[in-house]
Amino acid sequence: MKEMIDEYRESNLSNKLKLVSISNIFVGQEEIRGNKGFKDEFFESKMFETGWKKGWAWCASFVEMVYDLSFPHLDKKLEGLFSPGVTKTRDNFLRAGYTVSMIPDIGDVMIMQRDGSWQGHAGIVVNVQGDTIFTVEGNTNDKGGREGYTVARKTRNYKDTSKSMDVVGFIKIL
C-alpha cells in the first residue's frame, strides 16, 4: 500500500487525480466492528496519525488521512480542521476561509447531515456526472445499510432530499 501511495504522490497526475487514485487504494479496508480499530495495521496506523481514537466515527478521519497522504505539504494547513463530527468539520473549514459550495467537483469533501442534527457523514468526491456524484467513503458499507464498517465506493444523487441524510455542501480544498 505504501509503495502505491508513494507512486501516485510522485506521479505527474493532477492533484485531483492523485487524491482519487490514493483514495481508491483503501477501498475494502475494514474496521474491527464497533469502531475498535482496523484489520489492516498500515491503515490503522495512518488513521491514528489523524488523531482518530478507537470508538469514534471515522468517515471524516478517513478523508483527512487521504488528504494527508496525498499532499503532505498541506498537513499543517489542514491541522485541526477535520473533526469526528462532520458538521463541525464543515464549520471549521468555513471559519478557516475555505469555500463550501453546493456544486460538487472532483476532490471535494462531501458533507452530509442527518435531519438538521449534528450527525452526518463525509466522503471524497471522485467523479461527477450531472446530479450524480461518485465518492469514496470510510465508515460506510457497500450494501446500502446504515451500519458502516468499510471503505467503499458510493454513487449518490446529491440533490435528493428524500433520505434522512442530505448533502449539505462540498468543501473545496484543492
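In strand 4, the residue that serves as bridge partner of Val-128 is Ile-133, and this pair is a convenient place to enter the structure, which is a predicted model. Strand 4 belongs, with its neighbours, to an open sheet of six strands whose order is 1-6-2-3-4-5 and whose pairing is antiparallel. The points below begin with that sheet, go on to the helices, and end with a pocket.

**The sheet as a whole**

- Strands of a sheet are held in pairs through backbone hydrogen bonds, and the pairing can be either parallel or antiparallel; in the sheet described here, with its strand order of 1-6-2-3-4-5, the pairing is antiparallel.
- Strand 1 (99-101) and strand 5 (150-157) stand at the edges with a single partner strand each, and therefore one side of each has no neighbour in the sheet.
- If direction is ignored, neighbouring strands of this sheet are turned against each other by 35° on average.

**Strands 2, 3 and 4**

- Strand 2 (residues 109-114) pairs with strand 3 (residues 120-129) in the antiparallel sense, and five bridges join the two.
- Going along this pairing, Val-109 has Ile-124 of strand 3 as its bridge partner, while Ile-111 has Ala-122 of strand 3.
- Strand 2 and strand 3 form a hairpin that has five residues between them, and in its turn Asp-115 has a positive phi of about 45°.
- Strand 3 also pairs with strand 4 in the antiparallel sense, again over five bridges, and the hairpin of these strands has two residues between them, with Gly-130 taking a positive phi near 65°.

**Helix 1 and helix 2**

- The axes of helix 1 (residues 2-9) and helix 2 (residues 15-25) come within 9 Å of each other and cross at roughly 175°; because an angle over 145 degrees counts as roughly antiparallel, the two helices are described as roughly antiparallel to each other.
- On the side of helix 1, the contact is made by Met-4, Ile-5, Tyr-8 and Arg-9, and on the side of helix 2 by Lys-18, Ser-21, Ile-22 and Ile-25.
- Sorted by class, this contact has five nonpolar, one polar and two charged residues.
- Helix 2 also lies across strand 3, strand 4 (132-140) and strand 5, and runs at about 125° to strand 3.

**Helix 3 and helix 4**

- Helix 3 and helix 4 pack with their axes 9 Å apart, at an angle of about 95°, and they are therefore roughly perpendicular to each other.
- Helix 3 brings Phe-43, Lys-46 and Met-47 to the contact, and helix 4 brings Ser-61, Phe-62, Met-65 and Leu-69.
- By class, the residues of this contact are five nonpolar, one polar and one charged.

**The second largest pocket**

- Rolling a probe the size of a water molecule over the atoms shows where empty space is left. The second largest pocket of this model has a volume of about 240 Å³.
- It is lined by 15 residues, of which the closest to its centre are Lys-46, Glu-49, Met-65, Asp-68 and Leu-69.
- Helix 1, helix 3 (41-49) and helix 4 (59-70) each supply at least two residues of this lining.
- The lining of the second largest pocket has, by class, five nonpolar, one polar and nine charged residues.

Notes: Residues are numbered from 1 along each chain as its sequence is written. This is a predicted model: local features need pLDDT of at least 70, side-chain atom pairs count only at pLDDT 80 or more; totals for chains, interfaces and linings use all residues. Side-chain values use heavy atoms; hydrogens and water are left out. Axes are lines fitted to C-alpha atoms, for helices over the stretch in contact, and angles run from 0 to 180 degrees between N-to-C directions. Helices (H or I, at least four residues) and strands (E, at least two) are DSSP runs, numbered from the N terminus. Angles under 35 degrees count as roughly parallel, over 145 as roughly antiparallel, 65 to 115 as roughly perpendicular and the rest as oblique. Contact means heavy atoms within 4.5 Å. Ala, Val, Leu, Ile, Met, Phe, Trp, Tyr, Cys and Pro count as nonpolar, Asp, Glu, Lys and Arg as charged, and the others, Gly among them, as polar. On a 1 Å grid over the protein atoms alone, a cavity is a set of points where a 1.4 Å probe fits but cannot get out, and a pocket is an open set with protein on both sides within 12 Å along at least five of seven lines; lining residues have an atom within 4 Å of a point. Grid points are joined across faces, edges and corners, and a volume is the space filled by probe spheres set on the points. Two strands pair if DSSP finds at least two bridges between them.
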